[in-house]
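Grab a pencil and open your viewer. Below is a handful of exercises, each with its solution worked out step by step.

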Amino acid sequence: MANLVIVESPAKAATIKGYLGSNYKVIASKGHIRDLPKSSMGVDIEHGFEPRYINIRGKGDVIAQLKKEAKNATKVYLATDPDREGEAISWHLAYTLGIPADKACRITFNEITKTAVKDAVKHPRAIDMGLVNSQQARRILDRIVGYELSPFLWKNVKSGLSAGRVQSVATRAICEREEEIRAFCPREYWTLNCILQTQNGERLAAQCSMRPATESEANEVLIKTENGVFRVKTVKTAQKKRQPAPPFITSTLQQEASKKLGFQPQHTMRIAQELYEGVSLGHELGGVQGLITYMRTDSTRIADSASSAARAYITAEYGKAYVPEKPNTFRTKNNIQDAHEAIRPSDMTLTPEVVKGKLTPDQYRLYRLIWERFLASQMTPVVYDTTTIEADCAGYVFRIGGYTVKSRGYSIIYDNHDKEEIEADGSLSAGKLPPVKVGDILTSTEMTADRHETEPPSRYNDATIIRYLEESGIGRPSTYTTIITTIIGRAYVKRVGKNLVPTKLGEVTTRLMKDSFPEIVDDRFTAQLEGKLDSIEQGDATMQGVLTDFYGEFEKMLAKAKSTVKPENVPMEESNVICEKCGSKMVYKTGKFGRFLACPNFPACRNTIAVDKDGNPQEKKPPEAPKKAGFVCEVCGADMVIRQGKYGEFYACSNYPTCKFTKQMIKEIGVPCPKCGAKVVVRRSRDRKVFYSCERYPDCDYSTWDMPVAEKCPTCGGTLVYKKSKKRVVCTSPDCEYSREAEMKVIE
């Protein structure tokens, strides 16, 4: 009998299977198999907050298969992700399969490589109940807040609302930022710039250290200095270093991917998950390989072996001058979960350019970002030679600054916006300054005064709200993405371009929460609660103790709010669009299929307008003239055109309705027929269902309901097809079990 390894992801299972050989069978639980019920709270508050778990609906077949395989296995290994959530999944699996909690059945690895996986199998351990109880406490806390607070919001704000513990803090921050922007009053200020000239005719750009508040003050300085003598007071030279940024953790990866790649956090994490679980690189590169370490982490620590590999690569590619004397290490916060490393490449020999042809464009871009950030973190700093000159005229000080790059250091591979940062520091500008000494006289050749206004604080976007949550100690690496998607999904916040803006509903709800449940939306309280969850993990606190302390105060706040708070109406969000039927200003509403504009006079006027993702009305485009197909009708000889029907595009005679001849449009999918090598095309059955067959039909009888894929099976070389309903690529060879998760656009 074979050993059984259970992971949570089918893609991860496919990768690991190739490493362990025929004595191991690897299957996936497809995430959690047990959870609190959706129809009730599922927590017995009166008896120590005992949770009541049930099998998740729809997981019956998976659980039956797991039990069958576990019964026939010599040994069972639980290899879910190396964090609290993964530990909890393993605990539920052990319970369901009847594995004692103290049995050494749990294995973890920070990277999915052959070496890491084989080493993990050699060192199984018991399930860590500290991690499990920490996850349970978080789940129960969120369930209590959601189930007891949501009905209160239904009654006092709007039916169907849902409250979240950490999400409420994020919404409050976004609402308060919007209040700051509304209350902001711009303040005028002026900058005075001049071009100074040395006795040798060399020009220097200078700026006055004083910033006048009014135009009259600026003009006064101009009058006094315009034809004055500028005498050099000080000349300072210095050397500045800019250290490389640490390798990515979850929050910084999401922030940098948002800024540099334009990825939203959920997209970043989905692509990172694919890179972690494994990508098919072909036989020449070792088959399916995990390219990065685990992507849910808040630790900047890296393994000694990874540091050594990076230093060797830097030496070989860039020279010893770019390798620091000692490996770079980075300070970490006290409240991190240091169970695993920072996010880094798992194999330094698999450079972005080596694997580029095997990755999707987004996979390549994110892998390259991770690769370059990690490599740069192990390189020498950027070194600048700076010069700062101060010249005095009529009692006013003008500053001149310049810098030159002495050593490029890590910036040779990773652009960290050093130029902008150093120029913002001390009014420096790129370039070497001409030789000037104290006492030299400079003359002014040009003097200008420019008016400015102070800017309001910027709205939060994905990157800045994640940074705020991280710096405040709110949430953990696995929760940042969920927080953002939840507050948008619940219509507390909306996207306007790249910014996050509160809705009227979000503002009303936040105001009520701040008045009645100040601790729930308080940064410090929420961060302290996160610290208590960490204490449970470390064994310094108990799950029941933390829950009891929280619930005692929460129950008092809820009871007081129920007796004092009065229902509040949410004002409708008006638009500038006028209803074509009754002339009223249309309002934004949210329905089953998202936001739309509706007439406020409903039901008397039922006019609605669809809007795009930014809330702008979508204009109806006039129908386009049909395109010519490029051949003539077989019946009457008229030109054939391309028309759009219920089941997609088709060829039709332009002489319709006199001639009703039509012809099915054959689409090629760019895949050769596995039987004869001809082209595979899209066809429709009599009941209009899409299938795929050889263009030489009926001479070649190849056909399939699932869309064939161009690549060959990495295991057996057979034909791969994409199963749309399961979102999986599978091998059609009867003796091959190759399968992986995928999301592809189906050609129909």
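The exercises below go through a predicted model.

**Exercise 1. Check the length of helix H8 (residues 250–261) against its end-to-end distance, then work out what surrounds it.**

Solution.
- Step 1: H8 has twelve residues, and at 1.5 Å a residue they should span 16 Å.
- Step 2: The end C-alpha atoms are 15 Å apart, which agrees with that expectation.
- Step 3: Now look at burial. Nine of the twelve residues in H8 are buried, so call the helix mostly covered. Among them are Thr250, Leu253, Gln254, Ala257 and Leu261.
- Step 4: Ask who does the covering. The buried residues of H8 pack against four helices: H9 (265–277), H12 (361–377), H14 (462–471) and H15 (480–489).
- Step 5: Step off the end of the helix, and you land on Gly262, just after H8, with a positive phi of about 75°.
- Step 6: One more stop, at a charged side chain: the charged end of Lys260 sits over the ring of Tyr414, 4.0 Å from its centre. For a second case of this kind, try Arg177, whose charged end sits over the ring of Tyr460, 4.3 Å from the centre.

**Exercise 2. How many disulfides does the whole structure have, and what is the nearest cysteine sulfur to that of Cys579?**

Solution.
- Step 1: Searching the whole structure turns up zero disulfides.
- Step 2: Take Cys579. The nearest cysteine sulfur belongs to Cys605, 3.6 Å away. A disulfide needs the sulfurs within 2.5 Å, so Cys579 is in none.
- Step 3: Do the same for Cys605. Here the nearest cysteine sulfur is that of Cys599, 3.6 Å away, and again there is no disulfide.
- Step 4: Check accessibility. Cys579 is buried at a relative accessible area of 3%, and Cys605 counts as buried too, at 9%.

**Exercise 3. Where do the cis peptide bonds from Phe602 to Pro603 and between Tyr656 and Pro657 fall?**

Solution.
- Step 1: Read off omega. For Phe602 to Pro603 omega is near 10°, hence cis on the backbone; for Tyr656 and Pro657 omega is about 10°.
- Step 2: Place the prolines. Pro603 sits in the loop between strand E21 (594–598) and strand E22 (608–610). Pro657 is in the loop between strand E25 (648–653) and strand E26 (662–664).

**Exercise 4. Phe49 and Ala491 each have a positive phi without being glycine; is each one buried or partly exposed?**

Solution.
- Step 1: Phe49 has phi near 60° and lies in the loop between strand E4 (43–44) and strand E5 (50–51).
- Step 2: With a relative accessible area of 5%, Phe49 is buried. Ring pairs also link Phe49 into a cluster with Phe152, Phe517, Phe525, Phe550, Tyr551 and Phe554.
- Step 3: Ala491 has phi of about 65° and belongs to the loop between H15 and strand E17 (493–496).
- Step 4: At 23% relative accessibility, Ala491 counts as partly exposed.

**Exercise 5. Work out the strand partners of E29 (residues 690–694).**

Solution.
- Step 1: On one side of the pairing list is strand E28 (residues 679–684), antiparallel to E29 over five bridges. Arg683 has Phe691 in E29 as its bridge partner.
- Step 2: Follow the chain between them. E28 and E29 form a hairpin with five residues in between, and Arg688 in the turn has a positive phi of about 70°.
- Step 3: The other partner is strand E30 (residues 703–704), antiparallel to E29 over two bridges. Ser693 stands opposite Ser703 in E30.
- Step 4: For burial, five of the five residues in E29 are buried.

**Exercise 6. How are the rings of Tyr384 and Tyr403, and those of Phe691 and Trp705, arranged?**

Solution.
- Step 1: The structure has 17 aromatic pairs. In the Tyr384 and Tyr403 pair, the centres are 5.4 Å apart and the planes are at 85°, so this pair is edge-to-face.
- Step 2: Tyr384 is in strand E13 (residues 382–393) and Tyr403 in strand E14 (residues 396–407), so the pair ties together parts 19 residues apart in sequence.
- Step 3: Both rings belong to buried residues: Tyr384 at 3% and Tyr403 at 6%.
- Step 4: For Phe691 and Trp705, the centres are 5.9 Å apart with planes at 65°, so edge-to-face as well. Phe691 is in E29 and Trp705 is in the loop between E30 and strand E31 (707–712), 14 residues apart.
- Step 5: Phe691 counts as buried at 18%, whereas Trp705 counts as exposed at 56%.

How values were computed. Residues numbered from 1 in each chain as written. Predicted model: local features only at pLDDT ≥ 70, side-chain atom pairs only at ≥ 80, totals over all residues. Heavy atoms only, no water. Expected span 1.5 Å × (residues − 1). Buried < 20%, exposed > 50% of the residue type's maximum accessible area, 1.4 Å probe, protein only. Contact = heavy atoms within 4.5 Å. Pairing = 2+ DSSP bridges. Phe/Tyr/Trp six-rings, centres within 6.5 Å; stacked < 30°, edge-to-face > 60°. Lys NZ or Arg CZ within 6 Å of the ring centre and 35° of its normal.
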